[in-house]
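Grab a coffee and open the viewer. Below are a few short exercises, each with a worked solution.

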Amino acid sequence: MTVNLIRKIIFRENPRTMADLQRSLTSHCKRLHASERSELIIINIGLMISKLARDEVLQKRGGREPEPLYSLWRDDDETMERLKNADMKKIRKDLQASIKELSTEIESSRECIASQSTELLFNNDIVMVHSLATSKTMHSFLTHAVKSGRKHRVIDVVDEEEHLETAPDFVTPIELFEVASRMPETSKVVLVAAAYFPDGSCLVPAGGHQIALLAKRHCVPVYVLAPFYKLCPFFMTDPASLHSFRSNTLPFDMSANSAGHVDCLHPAFDALQSDLVTLFVSNTSCIIPSHVNRLKEDYYHSQDIADF
């Protein structure tokens, strides 16, 4: 939805130069992100589209390949000035086509991740998962393994009691307090990322940190399903700014009268350090946490990150 919205904005505003396009992307993405602070994908999409525009300009002009993202560099003033003043009319159609390809790649990411389930899940495995009811990617990942003939057991850690009755037939639902007693028999843990960062850390639905700690205690590998568009190019310097909170679970009269002046925190996400993750399962491959930083070069441009 974010990609399609930005594509329509570019079509209607019709920026004349690269500088106009970058100002437009920065303005709209910051406004969208301000309204939904937990949606880091909005910033990611804006930076990805900016890199696509840069690549189209370089391709039309026959420019050199960009320097590696992890090196410290900045283009000279003359090069930056020529790039910013590049005429967008010549690349407008190609940019629209590239944005459509990006949208298609995002839509197909769920199927690509699901296809890797046969390489990670095997017969007789006991797999513990979390947030199956709210993650279509997780559901597709497990369903593909079942349809491929994998005979394994799935333990689903549910957040709410009603999910105990609505769980799929191929899973055994349990609540979070039962994880410690079921972890010794578990062979693999699969979580889904809300966002992941260059240092190999990630955000997962609340409860995932407790599961990952228990998995590390029992030497159980932890796989995190992480589509490419959830890779944030910035390190998480302020975790508090990324947390969104669910509604208060206490009844209103109890929280106001019986409990006194108490803030009942109910976070939506947990932060996992890189040492708690075994592999990130992305669109094309499985990545160890120490190699996540290298992926930034494929989707973001260093100048855009520096300017943002």
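## Warm-up: the whole chain

Of the 308 residues in the protein chain, 46% are buried. Keep in mind that this is a predicted model. The chain holds 13 helices and ten strands. Its accessible surface comes to about 16,500 Å², and carbon and sulfur atoms account for 51% of that. As for contacts between residues at least 6 apart in sequence, 79% join residues at least 24 apart.

## Exercise 1: trace the sheet

Work out the order of the seven strands in the open sheet, and find which strands sit at its edges.

Solution.

- Step 1. Walk across the sheet: the order reads β3-β2-β1-β4-β7-β9-β10, with mixed pairing.
- Step 2. Look for strands that pair on one side only: these are β3 (171-175) and β10, the edge strands.
- Step 3. Now zoom in on β1 (residues 126-130). It runs parallel to β2, joined by five bridges, and Val-129 has Asp-156 of β2 as its bridge partner.
- Step 4. With β4 (residues 188-192), β1 also pairs in the parallel sense, over three bridges. Here Met-128 stands opposite Val-189 of β4.
- Step 5. Add the helix: α7 (residues 136-147) packs on the sheet and touches β1, β2 (153-158), β4 and β7 (222-225). The direction of α7 makes about 145° with that of β4.
- Step 6. Check how enclosed β2 is. Five of its six residues are buried, so β2 is largely enclosed by the rest of the structure.

## Exercise 2: which face of α12 is covered?

Find the buried residues of helix α12 (residues 292-299) and decide how they are arranged around the axis.

Solution.

- Step 1. List the buried residues: Val-292, Leu-295 and Lys-296.
- Step 2. Look down the axis of α12. The buried residues fall within an arc of 120°, so they line one face of the helix.
- Step 3. Ask what covers them: the cover includes β5 (195-196), β9 (279-281) and β10 (286-287).

## Exercise 3: sort the aromatic pairs

How many aromatic pairs are there, and what are the geometries of Tyr-196 with Phe-280 and of Phe-228 with Tyr-229?

Solution.

- Step 1. The count is three aromatic pairs.
- Step 2. Take Tyr-196 and Phe-280: 5.2 Å centre to centre with 25° between the planes, which makes the pair stacked. Planes under 30 degrees apart count as stacked.
- Step 3. Place that pair on the chain. Tyr-196 is in strand β5 and Phe-280 in strand β9, 84 residues apart, so the pair links distant parts of the chain. Both residues are buried.
- Step 4. Take Phe-228 and Tyr-229: 5.7 Å centre to centre and 85° between the planes, an edge-to-face pair.
- Step 5. Check their burial against the cut-off of 20% relative accessible area. Phe-228, at 2%, counts as buried, and Tyr-229, at 15%, is buried too.
- Step 6. Widen the view: Phe-228, Tyr-229 and Tyr-299 form one aromatic cluster.

## Exercise 4: two positive phi angles

Asn-124 and Ser-131 both have a positive phi without being glycine. Is Asn-124 buried or exposed, and is Ser-131 buried or exposed?

Solution.

- Step 1. Asn-124 has a phi of about 75° and lies in the loop between α6 (117-120) and β1.
- Step 2. With a relative accessible area of 71%, Asn-124 is exposed.
- Step 3. Ser-131 has a phi of about 65° and lies in the loop between β1 and α7.
- Step 4. With a relative accessible area of 6%, Ser-131 is buried.

Definitions and conventions. Residues numbered from 1 in each chain as written. Predicted model: local features only at pLDDT ≥ 70, side-chain atom pairs only at ≥ 80, totals over all residues. Heavy atoms only, no water. Buried < 20%, exposed > 50% of the residue type's maximum accessible area, 1.4 Å probe, protein only. Helix = DSSP H or I, 4+ residues; strand = E, 2+ residues; numbered from the N terminus. Arc of directions from axis to C-beta. Contact = heavy atoms within 4.5 Å. Pairing = 2+ DSSP bridges. Axes fitted to C-alpha atoms, helices over the stretch in contact; angles between N-to-C directions. Areas by Shrake-Rupley, 256 points an atom, 1.4 Å probe, with all protein chains shown as cover. Phe/Tyr/Trp six-rings, centres within 6.5 Å; stacked < 30°, edge-to-face > 60°.
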